[in-house]
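Subject: Handing over a structure

Hi,

Here is the structure I promised to pass on to you. Have a look at it first, and then read on for what turned up in it.

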Amino acid sequence: RRQKVIPQVASIDETIRQIASERCSVSRFGDGEILLTQASKNIGFQKGDPALAERLKEVLKSHEQGHLVCVSDVFQHLERYNRKARRFWRTHFFIYGPWWDCLLVPGRKYYNTFVTRPYMDFASKEDCPRWFHQMKAIWKDRDVVFIEGEKSRLGVGKALFDNVKSIRRILCPPRDAFDRYQEILNEAQKLEKTALFLIALGPTATVLAYDLFKSGYQAIDAGHVDVEYEWWRMGAKRKVKLERKYVNETAIGSEVADAGEEYRKQIIAQIV
């Protein structure tokens, strides 16, 4: 199906540069977030909610300096992606293309959702090392706070985040996190404004990053970046489970080993 609105989407390189140089906050919209702009729809770990639907539409249409709205760069040139990804997006647009047409702002520049998914779906992997290296400038020497699902365990193993100043964690429900949204936001707002929030919490992260930005923080909807990094290091050809991190896109991804004492010491709050 031919889209009526073909958005201008920045490259992954430009998106990383913008985040790192300007300390921008980031909200990302993929297929799940678009689905949940309709309160009657559900995805695997987040039920539909009228308040969430309205907030997602608000964030998607927002245009604030210092806050990047990212969409998936799949509206043209699908040859960049592997066969499975191409098939997925063609099917998605056949069904939900009119939703995008209604929600996107014609002529608006968006940034690239694949900044946090720079490995698995691409046909060529040659740019992946550069992207991951550039990414590390975003959190270099920063006091980082992960807001994540109970078993997401961003940065466990620390390879991707070995250049941060410190790590703290706020653990949240792995399912229907938006039900506890105000509690999560209140907990985050207790922290100093110099903290960098990296959020792995599905569609809730899209809204939370925006609200924390409006409160004076830098907050990034980090999604699957850590999982993608681990897959890249492994040279994985398909989405596989990780020993100590929850991977919602694999059959037994919720079965995780103990994360260790250092991880437990980083937890400053639990909303589960």
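A word on the labels before anything else: helices and strands here are DSSP runs numbered from the N terminus, where a helix (H or I) has at least four residues and a strand (E) at least two. With those labels, arginine 153 can be placed in the loop between β5 (143–149) and β6 (166–172). Please also keep in mind that what you are looking at is a predicted model.

**Two arginines with a positive phi**

Since we have started with arginine 153, let's stay there for a moment. Its phi is positive, at about 55 degrees, although arginine 153 is not a glycine. Arginine 23 is also not a glycine, and has a positive phi of about 50 degrees. You'll find arginine 23 in the loop between α1 and β2 (25–29).

Is arginine 153 buried or exposed? Its relative accessibility is 11%, so arginine 153 counts as buried. Arginine 23 has a relative accessible area of 51%, and because the cut-off for exposed is over 50%, arginine 23 is exposed.

**Helix α1 against helix α5**

Next, go to helix α1 (residues 12–22) and helix α5 (residues 128–139), whose axes come within 8 Å and cross at roughly 15 degrees. Angles under 35 degrees count as roughly parallel, so that is how α1 and α5 run relative to each other. Their crossing is left-handed.

Which residues make this contact? From α1 there are Ile12, Asp13, Ile16, Ile19 and Ala20, and they meet Arg130, Trp131, Gln134, Met135, Ala137 and Ile138 from α5. Sorted by class, the residues of the contact are eight nonpolar, one polar and two charged.

Aspartate 13 and arginine 130 deserve a closer look, as their side chains form a salt bridge with an N to O distance of 2.9 Å. Aspartate 13 belongs to helix α1 and arginine 130 to helix α5, so this pair ties together parts that are 117 residues apart in sequence. Aspartate 13 counts as buried because its relative accessibility is 16%, whereas arginine 130, at 35%, counts as partly exposed. A further residue joins in: Asp127 is linked with Asp13 and Arg130 in a network of salt bridges.

**Salt bridges inside a helix**

How many salt bridges does the count come to? The answer is 19. Here are two that sit within a helix.

- Glutamate 230 pairs with arginine 233, and their closest N and O atoms are 4.0 Å apart. Both residues lie in helix α8 (residues 225–234), three residues apart, about one turn of the helix. Glutamate 230 has a relative accessibility of 15%, so this residue counts as buried.
- Glutamate 261 pairs with arginine 264, with 3.3 Å between the closest N and O atoms. Helix α9 (residues 261–266) holds both of them, three residues apart, about one turn of the helix. Glutamate 261 counts as partly exposed at 46% relative accessibility, and arginine 264 counts as partly exposed at 38%.

**Helix α6 against helix α7**

There is another helix pair to look at: helix α6 (residues 181–188) and helix α7 (residues 203–214) pack at an angle of about 40 degrees, their axes being 11 Å apart. That angle makes α6 oblique to α7. The crossing is right-handed here. On the α6 side, the contact is made by Tyr181, Ile184, Leu185 and Ala188, and on the α7 side by Thr204, Val207, Leu208, Asp211 and Leu212. Seven of the residues in this contact are nonpolar, one is polar and one is charged.

**Valine 5**

Last stop: valine 5, which sits in the segment before β1 (8–9). Why does valine 5 count as buried? Because its relative accessibility is 11%, and buried means under 20%. Apart from its neighbours within four places in sequence, valine 5 is in contact with Phe75, Asp101, Leu104 and Pro106. If you want to get a feel for distances, try valine 5 and valine 247: they are 242 residues apart along the chain, and their C-alpha atoms are separated by 33 Å.

If you have time for one spot today, start with the salt bridge between aspartate 13 and arginine 130.

Cheers

Key
Residues are numbered from 1 along each chain as its sequence is written. This is a predicted model: local features need pLDDT of at least 70, side-chain atom pairs count only at pLDDT 80 or more; totals for chains, interfaces and linings use all residues. Side-chain values use heavy atoms; hydrogens and water are left out. Axes are lines fitted to C-alpha atoms, for helices over the stretch in contact, and angles run from 0 to 180 degrees between N-to-C directions. Angles under 35 degrees count as roughly parallel, over 145 as roughly antiparallel, 65 to 115 as roughly perpendicular and the rest as oblique. A crossing is left-handed if the near helix is turned anticlockwise from the far one by less than a right angle, and right-handed if clockwise. Contact means heavy atoms within 4.5 Å. Ala, Val, Leu, Ile, Met, Phe, Trp, Tyr, Cys and Pro count as nonpolar, Asp, Glu, Lys and Arg as charged, and the others, Gly among them, as polar. Buried means under 20% relative accessible area, exposed over 50%, partly exposed in between (1.4 Å probe, protein chains only).
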